[in-house]
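Hello,

Here is the structure I promised to pass on. Please open it first, then read my notes below.

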Amino acid sequence: MFSTLFAPDTGEYLIAGYIVVTLVVGLYITSLVIRWKNALQAFRLYTQEFDGE
Amino acid sequence: MRSKPRLLIALDILSAVMILTAAGLVFFYAPVEKLMGAVQKVFYFHVATAWVGMLGFSAAALAGVFYLREGKERWDIVGVSAVEISLVFFLAAIVLGSIWARPIWNTWWTWDPRLTTAAIVELIYGAYMLLRSGVDDPDRRARFSAVYALFGFISVPLTFISIRLLRTIHPVVIGSAEAASQGGFNMDASMQITFFFSLAAFSIFFADLLWHRIRLGELNSAVETLRVETNQEGI
């Protein structure tokens with residue numbers, strides 16, 4: 001019986017796992033980029049106001 | 001605002017190369033485990049993401065200690081940055097574990113001591129972020145966060161040792177496993193190389209993200225200061 005054992009086909013779960021990690025980390029990096037751009041825009045806006053005075 | 005440091009650019013490149021290499025090792029170098037099949041390879045990034053989670057929660061506790069000692073805003077920024085990144089990676093670790101568990105344990109989730117303590121850790125630090133946003137005064141928020149991060153940290157070693165102390169079905173790959181554990185395996189040399197390389201790659205990736213997040217926190221702080229000054233000028 002044991003000689004007929006072979007590795008089960010669990011490749012779909014492996015792919016799903018790595019897609020999830022890529023998505024979660026990718027979304028977080030995107031959020032960092034967006035927040036950085038927004039903060040930089042606000043920073044430039046305020047410093048321009050100060051320079052204009 | 002200072003431009004991006006060269007060291008940070010180098011760290012960006014290094015972490016990207018290391019993460020891609022780690023993924024390459026997982027898919028093309030590490031062998032397929034005989035009993036579990038390909039899903040066993042989820043383990044490499046599952047442990048690495050959980051490691052980053054614990055690394056960040058530990059860094060937040062340390063930053064909390066430094067904040068309480070020195071009272072510098074920078075330590076508050078370090079703390080919240082570490083917790084934010086770790087929440088993301090710890091969530092990824094929990095989801096990866098769940099995906100692994102489906103074919104191996106025949107269930108997505110079970111209230112096993114390790115899974116339960118991991119869920120509690122995620123909730124504790126999720127609450128940290130929510131409660132922070134509810135405190136307006138920056139000094140009070142920072143002090144509260146520092147104390148919270150210190151107490152919250154108790155849950156981190158508890159989660160780590162839960163599979164070594166309690167009766168659990170969660171496997172212990174390094175060290176001796178509980179007799180009831182299901183899904184354990186012995187690592188051969190190529191598995192160990194992939195495993196430790198993944199840990200190193202994610203540690204460097206964490207340092208890279210932390211640096212970026214701290215820079216964002218400092219920029220936000222500068223904007224907040226300018227906003228207050230502008231409002232006072234207006235009055």
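A nonpolar core here means a set of buried Ala, Val, Leu, Ile, Met, Phe, Trp, Tyr and Cys residues joined through C-beta atoms within 7 Å. Please keep in mind that this is a predicted model.

Start with the core. The largest one has 65 residues. Inside it, B:Val42, B:Val83 and B:Trp100 have the most contacts. Both chains feed it: α1 (11–52) of chain A and α1 (6–29), α2, α3, α4 (113–133), α5 and α7 of chain B each supply at least two residues. The largest share, 19 residues, comes from α3(B).

Next, look at B:Trp100. Setting aside neighbours within four places in sequence, B:Trp100 is in contact with A:Tyr13 and A:Gly17. Its other partners are B:Val39, B:Val42, B:Phe43 and B:His46.

Then the contact between the chains. Chain B puts in 30 residues and chain A 25 residues. On the chain B side, α2 (42–70), α3 (73–105) and α7 (189–234) each supply at least two residues. α7(B) gives the most, with 10 residues. That side of chain B divides into 20 nonpolar, 5 polar and 5 charged residues.

Last, a helix pair. The axes of α3(B) and α5(B), residues 138–152, come within 10 Å and cross at roughly 50°. That angle makes α3(B) oblique to α5(B). The crossing is left-handed. From α3(B), the contact uses B:Glu73, B:Asp76, B:Gly79, B:Val80 and B:Val83. From α5(B), it uses B:Ala142, B:Ser145, B:Ala146 and B:Ala149. These residues divide into 5 nonpolar, 2 polar and 2 charged.

Best wishes

Terms used
Residues numbered from 1 in each chain as written. Chains lettered and ligands numbered in written order. Predicted model: local features only at pLDDT ≥ 70, side-chain atom pairs only at ≥ 80, totals over all residues. Contact = placed C-beta atoms within 7 Å. Helix = DSSP H or I, 4+ residues; strand = E, 2+ residues; numbered from the N terminus. Nonpolar A, V, L, I, M, F, W, Y, C, P; charged D, E, K, R; others polar. Axes fitted to C-alpha atoms, helices over the stretch in contact; angles between N-to-C directions. Parallel < 35°, antiparallel > 145°, perpendicular 65-115°, else oblique. Left-handed = near helix turned anticlockwise from the far one by under 90°. Buried ≥ 20, exposed ≤ 12 C-beta atoms within 10 Å, placed from the backbone.
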